[in-house]
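Here is a short tour of one protein model, written for someone who likes to check geometry against coordinates. Have a look at the structure below, and then we can walk through it together.

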Amino acid sequence: MLSRRKLIKRLSTVPLLGGLVGGVIPFESAIASTGPKVPAPRDLFKELGVRTFINAAGTLTYMTGSLMQDEVLETINYASKEFCMLDELQDKVGEKIAKLVHSEAAVVTSGAFSGMTLGLAGILTGMDLKKVQQLPHLEYTGMKSEVICQKGHDIVYNHALTNTGCKMVMVETVEELEKAINERTALMHFLHIQSDQGKIMHEEWVAIGKKHNIPTSIDIAADVPPVENLWKFNDMGFSFVVVSGGKAMRGPQSAGLLMGKKEIIAAARQHMPPRGFNIGRGMKVNKEEILGMFVAVEKFINQDYNKLWKGWETSVALIESTVKTIPGVSTHVTVNPLGNHTPTLKISWDASKTKFEGKDLMEAMRKGTPSIEVGGGGKDAVNVTAWMLKPGQDKIVATRLKEELSKIS
C-alpha cells in the first residue's frame, strides 16, 4: 500500500489536465476519486411517471395536503431507528400536546376524520370493553344511538360519526334542538368552517349541551391558522375537538389530533391500536407519526406569525400586481375568517366577452411547465394562495398566470 508521501510524489508527475490546480491533481480530489461513488437520490416521481407541481391552491387532501417541515422529517427519521411501546408514547406525547392546546387530554390520530369516529366511540362505550367490542352494533348493549347536528353543518365528513352505528338528527333552531334531545342522544356535533350557515353559534351550542348533560364536539379539521383555534374551542368547553395534522401544521398528512375531556380520550383510546377488538383497528398511527405530529404542533404554535403573514401578503401582492395589468382581468384579495385564514387572491374576468373559463385556466396552468395547481373560483375566475409555495415560486406562478391570461380575447 502506498504511503501518503509516496502517493503525493507519484501524483506530482501526472500531466496537467483541464481543471487541475498548479499542474497537479489536488490530493483531496485524488483521494475522493478513489473512494466509492455515492449514487444520486432516485427521482421516484419521475421513475413512476407521477406529476409533481407548484401548489398555489392550498392544503387540499387530493393534492396531498402540505409539505412536512424539515424538523418533522428529521423527527420521523429519528423515530424510525428505535423501538418503543406504542401506548407509552401516546401517553407521553398526549400529555405534552394537551398542555399546548389547553385540553385535559389529547391523542394523535390518523387524521381528523378518525378523531371524530374515535371520540364518539369513546362516549358511546366508556371503558366498557364489552361495548367496545360490540360497535357498531349499538342495539346489543343498549347504547345511545343519535348525534344531533345543524342542517347547515351537514357535510360528507359526518360519515365519521355514523361509522359508530349512530344516526344523524338534523335541526335548525334552538327550539328544534331542545325537542330533538332525548335519552338516545349521544352527542351534539358542530362544524366550525360552516358556523355561519347555522342558526346556533358555538357558545350557545355548548351551553345547551351542558344544560342537558350531552357531550359536544367540534370539527376544525382545516381551520388553523389562526393558531389560537387550537385551544379556543377547548377553552370554550367542547367535550372534544378534532383537527388535521397534515394541513397548515405541516405534520404527517395521515395524522391529526383528538383533544378533549380526559375520560373521553381515555375511552377513545380503547378503540385504537394496538388493541384489535374495535372499530378503530385500521386507524393505526405509528411512532414516527406520533413524534412527528408532536414536533409539528410545537413548531406551529411557536412560529413567528407576523413574519409568516407578511411573507404571504408579499407573494400574493406580487402575483396580483403582475396579472391585474392585463386588460379585462380584475383581482380581489380575501381572507376566510373561519379557517384557512390566509390571503387568497381571486382573479376574474368578464365571461360574457370570452369563451375562456376558470376550468380552462386551471387546465392550462396544470399542463404548463412547470405544472401549477390553482384553486377553482367559478366559471369566470380562479383562486390563488401563497402559503404552500416554496421560496421563489410566487414569481413563477405570476409569470405563468400572465402568460395564460394574456390569451383571453
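## Ground rules

A residue is called buried when its relative accessible area is under 20%, exposed when it is over 50%, and partly exposed in between, using a 1.4 Å probe and protein chains only. This is a predicted model, in which local features need pLDDT of at least 70 and side-chain atom pairs count only at pLDDT 80 or more, while totals for chains, interfaces and linings use all residues. Residues are numbered from 1 along each chain as its sequence is written, and side-chain values use heavy atoms, with hydrogens and water left out.

## Salt bridges

Side chains of opposite charge can pair when their charged atoms come close. The term salt bridge is used here for a side-chain nitrogen of Lys or Arg within 4 Å of a carboxyl oxygen of Asp or Glu. How many salt bridges does the structure hold? There are 21 salt bridges. One of them pairs Arg 42 with Glu 47, with 2.6 Å between the closest N and O atoms. Arg 42 is exposed at a relative accessible area of 60%, and Glu 47 is partly exposed at 49%.

Another salt bridge joins the side chains of Glu 71 and Lys 299, at 3.2 Å from N to O. Glu 71 belongs to helix H4 (residues 70–79) and Lys 299 to helix H13 (residues 287–302), so this pair ties together parts that are 228 residues apart in sequence. Helices here are DSSP runs (H or I) of at least four residues, strands are DSSP runs (E) of at least two, and both are numbered from the N terminus. Glu 71 is partly exposed, with a relative accessible area of 33%, and Lys 299 also counts as partly exposed, with 30% relative accessibility.

## A link to the loop before H13

Asp 87 and Arg 269 form a salt bridge through their side chains, at 3.2 Å from N to O. This pair links distant parts of the chain, 182 residues apart: Asp 87 sits in helix H5 (residues 86–101), and Arg 269 in the loop between helix H12 (262–268) and H13. Is each partner buried or partly exposed? Asp 87 counts as partly exposed at 26% relative accessibility, whereas Arg 269 is buried, with a relative accessible area of 14%. Elsewhere, Arg 51, Glu 363, Arg 366, Lys 367 and Glu 373 are joined into one network by salt bridges that share partners.

Asp 91 is in helix H5 too, and is partly exposed with a relative accessible area of 36%. The C-alpha atoms of Asp 91 and Pro 274 are separated by 13 Å, with their positions 183 residues apart along the chain. Pro 274 is in the loop between H12 and H13.

## Two helix pairs

The axes of H5 and H13 are 10 Å apart, and the helices pack at an angle of about 10°. Axes are lines fitted to C-alpha atoms, for helices over the stretch in contact, and angles run from 0 to 180 degrees between N-to-C directions. H5 and H13 are therefore roughly parallel to each other; angles under 35 degrees count as such. Residues of H5 including Leu 89, Val 93 and Ile 97 take part in the contacts (heavy atoms within 4.5 Å), and on the H13 side the participants include Ile 290, Phe 294 and Ile 301.

In the second pair, the axes of helix H14 (residues 305–323) and helix H16 (residues 393–405) come within 9 Å and cross at roughly 20°. That makes H14 roughly parallel to H16. Among the residues that meet are Leu 318 and Ile 319 in H14, with Val 397 and Leu 401 among those in H16.

## A lysine without a partner

Lys 247 lies in the loop between strand S7 (240–244) and strand S8 (256–260). Lys 247 is buried yet has no salt bridge, and the nearest side chain of opposite charge, Asp 219, is 8.5 Å away. Lys and Arg count as positive and Asp and Glu as negative, with His and the chain ends not counted. Leaving aside residues up to four places away in sequence, Lys 247 touches Thr 59, Thr 61, Ser 66, Ala 221 and Ala 222.

## Backbone details

Most residues other than glycine have a negative phi, and most peptide bonds are trans. The peptide bond from Pro 273 to Pro 274 is cis, with omega near 15°. Thr 369 and Pro 370 are also joined by a cis peptide bond, with omega about -5°.

Asn 213 has a positive phi, near 60°, and is exposed at 68% relative accessibility. Asn 340 has a positive phi near 50° and is partly exposed, with a relative accessible area of 28%.

Key. Angles under 35 degrees count as roughly parallel, over 145 as roughly antiparallel, 65 to 115 as roughly perpendicular and the rest as oblique.
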